[in-house]
Amino acid sequence: MKIPSFSRGVIKDNAVLGIALGLCPVLAVTRTMSEGLAIGLAMVVVMFFGNLTGGFFRKYAVGGFKLPFFLLTAALYASLAETYFRFYHQVLYQNLGIFLPLLAVNCLVAWRMDESAGSSGSPVR
């Protein structure tokens, strides 16, 4: 067993670590069940619509334009989720705080994991 390939699989290309890092906002604000459900549902909605929009416009985002395009798409849906909470659920908005805009980062992490899986010839795809 080669040590460099083992450390690359454990540290650099570890999908479980990437998913766990993406769940940090969820774990940080789950003091009550309603807060946990709210941030979890918001994360699912933002990731769903961000990936759906990214899938529709994937052929138009080429080269160095891919990262800014997907980041702006994720930020758009995270901002919409934050605005929804601000106007319709003020108490949850105050409790969730800064973690609502961080939903865009979760989308970006998921997109990056998808891109690296596609470029490495992973059998999962």
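**Exercise 1. Surface and fold**

Work out how much area the protein chain exposes and which atoms supply 71% of it.

*Solution.* Start with the surface of this predicted model: the chain exposes about 8,400 Å². Carbon and sulfur atoms supply 71% of that area. Next, turn to the inside: of the 125 residues, 27% count as buried. Then list the secondary structure. There are 7 helices and 0 strands, so the pattern along the sequence reads α-α-α-α-α-α-α. Finally, look at the contacts with a separation of 6 or more: 67% of them come from residues 24 or more positions apart.

**Exercise 2. The nonpolar core**

Find the residues that touch the most other members of the largest nonpolar core, and name the elements that give two or more residues to this core.

*Solution.* The core holds 16 residues. Those touching the most other members are A38, I39, V46, F85, L96, L100 and L103. Now assign the core to elements: α4, α5, α6 (90–96) and α7 (103–119) each give two or more residues.

**Exercise 3. A closed space**

How many cavities of 30 Å³ or more does a search of the whole structure find? Describe the lining of the largest cavity.

*Solution.* The search finds 1 cavity of that size. About 60 Å³ of space lies inside the largest cavity. Its lining consists of G50, N51, F70, T73, A74, C107, L108 and W111. Helices α4, α5 and α7 each supply at least two of these residues. Sort the lining by character and you get 5 nonpolar, 3 polar and no charged residues. Gly counts as polar here, so G50 belongs with the polar residues.

**Exercise 4. An open space**

Which element gives the largest share of the lining of the second largest pocket?

*Solution.* First take the volume: this pocket holds about 220 Å³ of space. It is lined by 13 residues, and the closest to its centre are A42, V45, A81, Y84 and F85. Two elements give two or more residues to the lining, α4 (33–56) and α5. The largest share, 6 residues, comes from α4. As for character, the lining divides into 12 nonpolar, 1 polar and no charged residues. F85 also links back to Exercise 2, as one of the core residues that touch the most other members.

**Exercise 5. One serine**

Is S79 buried, partly exposed or exposed? Say where S79 sits and how far its C-alpha atom is from that of P101.

*Solution.* S79 lies in helix α5 (residues 66–88). Its relative accessible area is 38%. Buried means under 20% and exposed over 50%, so S79 is partly exposed. Although S79 and P101 are 22 residues apart along the chain, their C-alpha atoms are separated by 6.5 Å.

Definitions and conventions: Residues are numbered from 1 along each chain as its sequence is written. This is a predicted model: local features need pLDDT of at least 70, side-chain atom pairs count only at pLDDT 80 or more; totals for chains, interfaces and linings use all residues. Side-chain values use heavy atoms; hydrogens and water are left out. Helices (H or I, at least four residues) and strands (E, at least two) are DSSP runs, numbered from the N terminus. Buried means under 20% relative accessible area, exposed over 50%, partly exposed in between (1.4 Å probe, protein chains only). On a 1 Å grid over the protein atoms alone, a cavity is a set of points where a 1.4 Å probe fits but cannot get out, and a pocket is an open set with protein on both sides within 12 Å along at least five of seven lines; lining residues have an atom within 4 Å of a point. Grid points are joined across faces, edges and corners, and a volume is the space filled by probe spheres set on the points. A nonpolar core is a set of buried Ala, Val, Leu, Ile, Met, Phe, Trp, Tyr and Cys residues joined through side-chain atoms within 4.5 Å. Contact means heavy atoms within 4.5 Å. Accessible areas come from the Shrake-Rupley method with a 1.4 Å probe; for residues, only the protein chains shown count as cover.
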